[in-house]
Structures are given as C-alpha cells and as structure tokens.
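The exercises below are meant to be worked through with the sequence and the coordinates side by side. Each task sentence is followed by a solution that goes step by step.

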Amino acid sequence: MIWSLKETLPREDIEEIQLKRLKKQIKKIYKKVPYYREKFKEIGIKPKDIQSLADIKYLPFTSKEDLRLNYPFGMFAVPKEEIVRYHASSGTTGNPTVVGYTRKDMETWKECIARLVTMAGVTRRDIAHISFGYGLFTGAFGLHQGLEKVGAAVVPMSSGNTQRQIKMMKDFGATVLIGTPSYGLRLAETAIEMGIDPLTDLKLRVGCFGGEGSTEAMRDKLHESLGLFATENYGLSEVVGPGVSGECTELTGLHINEDHFLCEVINPETGEVLPAGEEGELVITPLTKEAIPVVRYRTKDITSIDYEPCSCGRTTARMAKVSGRTDDMLIISGVNVFPSQIEEVLYNIDGIGTNYLITVYKENYIDKIAIDVEVTDNSVLDSPDSIENLLKKVREQLHVTLGIHPKINLVESKKIKRTEGKAQRVVDLRNKDGN
Ligand code: DLL
C-alpha cells in the first residue's frame, strides 16, 4: 500500500514542489536565523540567488559542530512559544545537539513516518512493539506517532529489560518490531535462552529497524532468527529524527520523503556535488521544517541516490543503505575499511556469532585492528584444532574480501557486552597509548 500520492508524482512535479519550498525556506531562514544571515552575507549570497535546485550548491554547509556552538537554541527560527517538543542527540562529549518541533513540524513528522511504515508493510491491523528508548532520542517518539497515525496499536515498551520485552511481545501478540537491528538480534537470542522460539511462539511479521547501519547479512540474520520481513529506515535528529527515508517491500533502497527533504551526495573531501548514483556523503536540507530549519546538513553518512522510479509504484528517489560514516572509516595499513564490511564477512562464516568488537590500536606507530568474535558453539573452544580451523577461516575471509590481516580473538558465545540502543562495534585506543 502507498500512504500518500505525493510518493508517486512524476519527477518534474516532485522537483517543482522542492524548488518552491526551497526558495520559501531560504527566504525565511535568512530573515529569522541571524546565524545563517551572517553566513550568507560572508559568502555574498542572497535568497533571490536561489533560482534552481542546483543553485543549492552556493549555500553553506551546516555541521553538528555548528549546532553545538549555537547550543541550545541559537539556530531556532521560531519563538519559544511555538515549540511543542524538544529532542536532543546524545553527544559523547560536549553539548548535545538540541532540536525542536512546532505543531506543524509534528504533523509533518507523523506524515513522514506513516509513509515509511506503510511502505514496509505495516497496517492498522498491526501491533507494533517499540523497543527504542523513550526520551530525548528521536527514535521511539518519532516512530510511535507515525504508527498511531496509520492506526496500528503501539506498545511503547522502551529499551531495557530484554526478558520482559519478550514476554510482552508474546502476550500481546506483537506483529511489528521497531528498534535497532542489533537489538533485534539480542531479542532473538534472549527469547531462545528463555525457551521461547521466536519463529513459533511470537507473531512478528515485519521489522522496521533503524538508528544504526545494518548489512544485508544482518537482514538475513534478523529474518532467520525472528521470522519477520526486515526493513530499514533512516533519519537523524538534526533534520527530523527517523522519517527521512525507508525501504519498501521491494528492498531496492530507501525511498526519500523528497517533498520534505532535499538530498545531495557530495565528495566529503572537496564538498563538490556528485552525479546521481555516485557514492559520497549525504547532505540534507529539510524543506518544510519550521522550528530549526538547517541548510545543507552534512550527515557524514555514506550513500548514493537513485532517481529511477521503483517497481513498487513510488517515484521518490531511493538512497542506498548507508555503507558507513565518513568518520568511522578505518585505515589499516593503507587499506580503507568500514566496520560494516567486516560485519558482512563475519556474518557469512559458519560458526561465528552476530556480536563482534573491533579494537583499533597502534603498534610501533602503525594502526592495527583486533576483532573479538563470538563462536556460536562454545565446544569449539575446547579443541586447539577446531580453534585453529575457525581462526584460519575468519582470517582468510577477511584477507580475501577486504585485504586486511586483523588479530582475531575467538571468544565464548554471549561474552561480548550487548547494548540496548545503538550497538558499539568499535573501540579506538589510538590516542590512549601515547603513540
Ligand atoms: O538515529 C534517528 C532514527 C531513529 C532513525 C530511529 C531511524 C530509526 P540520531 O540519534 O541523530 O537519529 O542518529 C543519526 O544514526 O546520521 C546515521 O549515522 C545513523 N543512522 C540512523 N538510521 C540509520 C540507518 C536517529 N537506517 C545517525 N542506517 C545517522 C545507517 C543510520 N545509519
């Protein structure tokens, strides 16, 4: 099912709406946000200079740092009375980035999510179990409101207490699971420990996962272990939260809500806009956001965009699954590698579990990585021969596929610490050892 006709417009119509909204938005930002007015003046640009969508390239980028420097409300475009909700993204250091929503922003947000969950296959007959943490994080509230708009029954479980989550899913007959993909796997693992078989004892049929990257191999694991159709959706607090894009049942990329978000892909080093289909850093300009309307927000997420219509009937552009972030790329002995690529390799090796931890460190001033990987069957660890065989397989696969030679530590099943929200897959010790 398609939620809105806006998802099926001919490309010229989509672009016409985008241009109209972009011009209006830039005019408003110039008038209402002193930060941007100054920036525009510095580079000698006026709102009237934006006459085509391509002209967006003349506008300055915005980064997370800009939002932090203007903490908490420096980038807001409306008076405080118009804000009906605040959220913030958790920074590990310094100020978080604070975002706000007007009443209209809330409606837009709901609409965007309603489209995404509908394209994933959710209907008003579903019972949606939300395992994102409710709070300043946009994930739970964002999905919640959109699911209610569709008419699904929402179970606002929040994060934590994994065993109780399983019980509630079973007792309530949840048919849709909302959360991070890594937590989806944790739920599957915990259910088995409790003697509950997710494939027969739970009724899950659709998963709407997001908030962190996942690979195709992860999708297969989610499908196998929970028996659901696993889809992914994408977004970030600075532009809305979840709601930017999501997968339809064709699984050929994430449809962008293009009437609300103008997306570009740039070369992260030069800032140059790349042609359709080329991989680079995603840059997003919300076209309708009232409270905090950022311009050309640099997401650091790496993807490409396909503008061809999809066989599902939607004409909205599709972004490829995010393959990594510009700031999580590891350069090991000159080889560029993303954690997601390591995950894809590990998940395809029999006997290796779904949790892993990459540690980056320096040895004699050279970057090295070590990967802790869990075995699925602990008895492997009792025999030196089977340990050696499995290690050999893992080393070979990583070498053949990615050209890297990390140190591998096989550890017992469930030994690696699980997270309840976004998974922590990389520990970087490089600045801690004085090298
Ligand atoms: O994670 C919003 C969200 C919540 C999206 C729930 C989808 C579902 P932030 O906490 O601001 O917002 O984190 C945004 O998370 O720049 C990406 O790096 C990453 N991310 C989010 N969804 C995906 C995804 C929310 N589907 C940051 N694939 C983004 C890859 C994702 N990365």
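**Exercise 1. Positive phi outside glycine**

In which loop is the place of tyrosine 365? Locate it in this predicted model, and then examine the backbone and the exposure of the residue.

Solution. Begin with the chain path: tyrosine 365 sits in the loop between strand S18 (352-363) and strand S19 (366-375). Next take the backbone, where phi of tyrosine 365 is near 70°, a positive value in a residue other than glycine. Finally consider accessibility: with a relative accessible area of 65%, tyrosine 365 is exposed, the cut-off for that class being over 50%.

Now treat arginine 296 by the steps used above. Arginine 296 belongs to the loop between strand S11 (280-286) and strand S12 (297-303), and its phi, near 45°, is again positive in a residue other than glycine. Its relative accessibility is 2%, so arginine 296 counts as buried.

**Exercise 2. A cis peptide bond**

Determine which residues a cis peptide bond joins, and place the proline in the chain.

Solution. The omega angle of about -10° belongs to the bond between tyrosine 71 and proline 72, which is cis. Proline 72 itself is found in the loop that runs between helix H3 and strand S1 (83-89).

**Exercise 3. Cysteine 310 and cysteine 312**

Explain why cysteine 310 and its closest cysteine sulfur are not bonded.

Solution. First recall that a disulfide is a covalent bond between the sulfur atoms of two cysteines. The cut-off needed here is that the two sulfur atoms lie within 2.5 Å. For cysteine 310 the closest cysteine sulfur is that of cysteine 312, at 3.5 Å, which is too far for a bond. Taking cysteine 312 as the starting point leads back to cysteine 310 as the closest, again at 3.5 Å and too far. A search of the whole structure accordingly finds zero disulfides. As for its surroundings, cysteine 310 is buried, its relative accessible area being 9%.

**Exercise 4. The sheet and the helices on it**

Work out the strand order of the open sheet of nine strands, and then state which strands helix H4 touches.

Solution. The order across the sheet is S4-S3-S5-S6-S7-S8-S9-S14-S13, and the pairing is mixed. At the edges are strand S4 (153-155) and strand S13 (305-306), each of which pairs on one side only. Within the sheet, strand S8 (residues 241-247) pairs with strand S9 (residues 254-256) in the antiparallel sense over three bridges, and serine 245 has isoleucine 256 of S9 as its bridge partner. Helix H4 (residues 103-120) packs on this sheet, touching strand S6 (206-210), strand S7 (229-236), S8 and S9, and its direction makes about 30° with that of S8.

Helix H6 (residues 162-172) lies across strand S3 (127-130), S4 and strand S5 (176-179), running at about 175° to S3. Its buried residues are Thr162, Gln165, Ile166, Met168 and Met169. They cover an arc of only 165° around the axis, which puts them on the same side of H6. These buried residues pack against S3, S5 and helix H7 (181-193). Just after H6 comes glycine 173, with a positive phi of about 70°.

**Exercise 5. Helix pairs**

At what angle do H4 and helix H5 cross, and at what angle do helix H9 and helix H10 pack?

Solution. The axes of H4 and H5 (residues 138-150) come within 7 Å and cross at roughly 75°, so H4 and H5 are roughly perpendicular to each other. The residues that meet include Met106, Trp109 and Ile113 in H4, and Gly142, Leu143 and Gly146 in H5.

For H9 (residues 216-226) and H10 (residues 339-347), the angle is about 45° and the axes are 8 Å apart, so this pair is oblique. The contact is made by Glu216, Ala217, Met218 and Lys221 of H9 with Glu343, Glu344 and Tyr347 of H10.

**Exercise 6. The buried side of H2**

Identify the buried residues of helix H2 (residues 34-43), and state what covers them.

Solution. The buried residues are Tyr35, Tyr36 and Phe40. They cover an arc of only 125° around the axis, which puts them on the same side of H2. Their cover includes helix H1 (11-32) and helix H3 (64-69). H2 is followed by glycine 44, whose phi is positive, near 70°.

How values were computed. Residues numbered from 1 in each chain as written. Predicted model: local features only at pLDDT ≥ 70, side-chain atom pairs only at ≥ 80, totals over all residues. Heavy atoms only, no water. Buried < 20%, exposed > 50% of the residue type's maximum accessible area, 1.4 Å probe, protein only. Pairing = 2+ DSSP bridges. Helix = DSSP H or I, 4+ residues; strand = E, 2+ residues; numbered from the N terminus. Contact = heavy atoms within 4.5 Å. Axes fitted to C-alpha atoms, helices over the stretch in contact; angles between N-to-C directions. Arc of directions from axis to C-beta. Parallel < 35°, antiparallel > 145°, perpendicular 65-115°, else oblique.
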